[in-house]
Amino acid sequence: MKVAVLPGDGIGGEIMAQAVKVLNKLALPLELEHAPVGGAGYDASGDPLPAATLALAREADAILFGAVGGSKYDALPRVKRPEQAILGLRKSLGLFANLRPAQVHDELAGASTLKPEVVAGLDVLIIRELTGDIYFGEPRGISMRADGEREGVNTMRYRESEIRRIAHVAFNAARKRRRKLCSVDKANVLETTELWRQVVSETGKEYADVELSHMYVDNCAMQLVRNPKQFDVIVTGNMFGDILSDEASMLTGSIGMLPSASLDAHGKGLYEPIHGSAPDIAGMDLANPLATILSAAMMLRYSLNHGVVADRIEAAVRQVLKQGYRTVDIQEAGRKKVGTQEMGAAVVAAL
Ligand code: IPM
Ligand code: MG
């Protein structure tokens, strides 16, 4: 089994090194091949998604991705910016289904900025559509109007088929959990999401055993901090999912804890932490590698057919948290603060 390892920028290299340490410990027949992506890709070849990196991602059985971005690249034209690498990978590989589980480990219930009783035991799965919506809709751009004023345009678009296929993923995921699905939209204002609501409801007729509800995105943002345990699976579009998943991550104590899987129609996937490249702490051995390590576990489960090994990695992460290991992003007094490498080593030791 071949895994494309794409560390990217900022803290990407440091967190990925820990995930690789964990994978190497498992004695699986994995071939790990590294390639530059994002700002690193641009530095290496003038393109954030170099052709060789895309080719490797295509031929690999799975992709493990770190993070991209950095202020050094902010002045580049949009097509050369690091973010284009992840957007390009998602689009060219058809990775339309993004699974972002937010679970509160018992050990971290006190680390959330919310009251422990609000978050303890939380287990919500956000399913974000990843290859459509305003992220990719045309027309887009910044242009000069006839009256001399600049104008920016992006287009929120969804085809029926795009909504239906992510709805199926969400209903099937709900079936394997507590059979509750909440579809999030802004159907009171936006026609695109009015269609979203219609198509999700139509699809729901095939899943009578799943309880379907609909919620406006503004209300959902509020409900996630008011009473997050009301949710089992949330399904939503690309942009709302981007925002809500960052919000949900803080319920778990730190954005440094959340893994994600981005799957195509055949189970091939790209796995990445939901956090960014955190240039402010890059190279300082401060970043939390757990989201990347947990992403590697998701990769073993969803793309490489090694669910048992994935369980072992997740158990090892729970164990190091129980032992009191914390990176600095987890705000909890009286705990042993460790760096990126020591956290990775603790997971390897637990394995
Ligand atoms: C994410 C990130 C990306 C996104 C950026 C880096 C393009 O925020 O994966 O959530 O907006 O999708
Ligand atoms: Mg995001």
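**Exercise 1. How many helices and strands does the protein have?**

Solution. The model is predicted. The protein contains 12 helices and 14 strands. Its radius of gyration is 20 Å, close to the 20 Å that the globule rule gives for 351 residues, so the protein is as compact as a globular protein of that length. The C-alpha trace spans about 60 × 50 × 40 Å along the principal axes.

**Exercise 2. Describe burial, surface and contacts for the protein as a whole.**

Solution. Start with burial: 54% of the 351 residues are buried. Next, take the surface, where the accessible area comes to about 14900 Å² and carbon and sulfur atoms hold 52% of it. Last, take the contacts with a separation of 6 or more: 74% of them join residues 24 or more positions apart.

**Exercise 3. Which residues are around ligand 1, and which polar side-chain atoms lie by its oxygen atoms?**

Solution. Step one is the list of neighbours: Ile 86, Arg 90, Arg 100, Arg 128, Tyr 135 and Asp 242. Step two sorts this shell by class, giving two nonpolar, no polar and four charged residues. Step three looks at distances to oxygen atoms of the ligand. A polar side-chain atom of Tyr 135 is 2.5 Å from one. For Arg 100, the distance from a side-chain N or O atom is 2.9 Å. For Asp 242, the corresponding distance is 2.9 Å. Step four is coverage: on its own, ligand 1 has 320 Å² of accessible area, and the protein covers 77% of this.

**Exercise 4. Is Glu 272 buried or exposed, and what does its side chain contact?**

Solution. Locate the residue first: Glu 272 belongs to strand 12, residues 269–273. Its relative accessible area is 6%, under the 20% cut-off, so Glu 272 is buried. The side chain of Glu 272 makes a polar contact of 3.0 Å with the side chain of Arg 90. Arg 90 is also one of the residues around ligand 1. Beyond four places in sequence, Glu 272 touches several residues, including Phe 65, Ile 86, Pro 259 and Ser 295. Of these, Ile 86 is likewise listed around ligand 1.

**Exercise 5. Where is Ala 187 found, and why does it count as buried?**

Solution. Ala 187 sits in the loop between strand 8 (180–185) and helix 7 (191–204). Its relative accessibility is 17%, and because this is under 20%, Ala 187 counts as buried. Leaving out neighbours within four places in sequence, its contacts are Thr 193, Glu 194, Arg 197 and Tyr 216. As for Leu 212, it is 25 residues from Ala 187 in sequence, with 16 Å between the two C-alpha atoms.

How values were computed:
Residues numbered from 1 in each chain as written. Chains lettered and ligands numbered in written order. Predicted model: local features only at pLDDT ≥ 70, side-chain atom pairs only at ≥ 80, totals over all residues. Heavy atoms only, no water. Near = heavy atom within 4 Å. Polar contact = N/O pair within 3.5 Å; in protein donor to acceptor, adjacent residues only side chain to side chain. Areas by Shrake-Rupley, 256 points an atom, 1.4 Å probe, with all protein chains shown as cover. Nonpolar A, V, L, I, M, F, W, Y, C, P; charged D, E, K, R; others polar. Helix = DSSP H or I, 4+ residues; strand = E, 2+ residues; numbered from the N terminus. Buried < 20%, exposed > 50% of the residue type's maximum accessible area, 1.4 Å probe, protein only. Contact = heavy atoms within 4.5 Å. Rg over C-alpha atoms; globule rule 2.2 N^0.38 Å.
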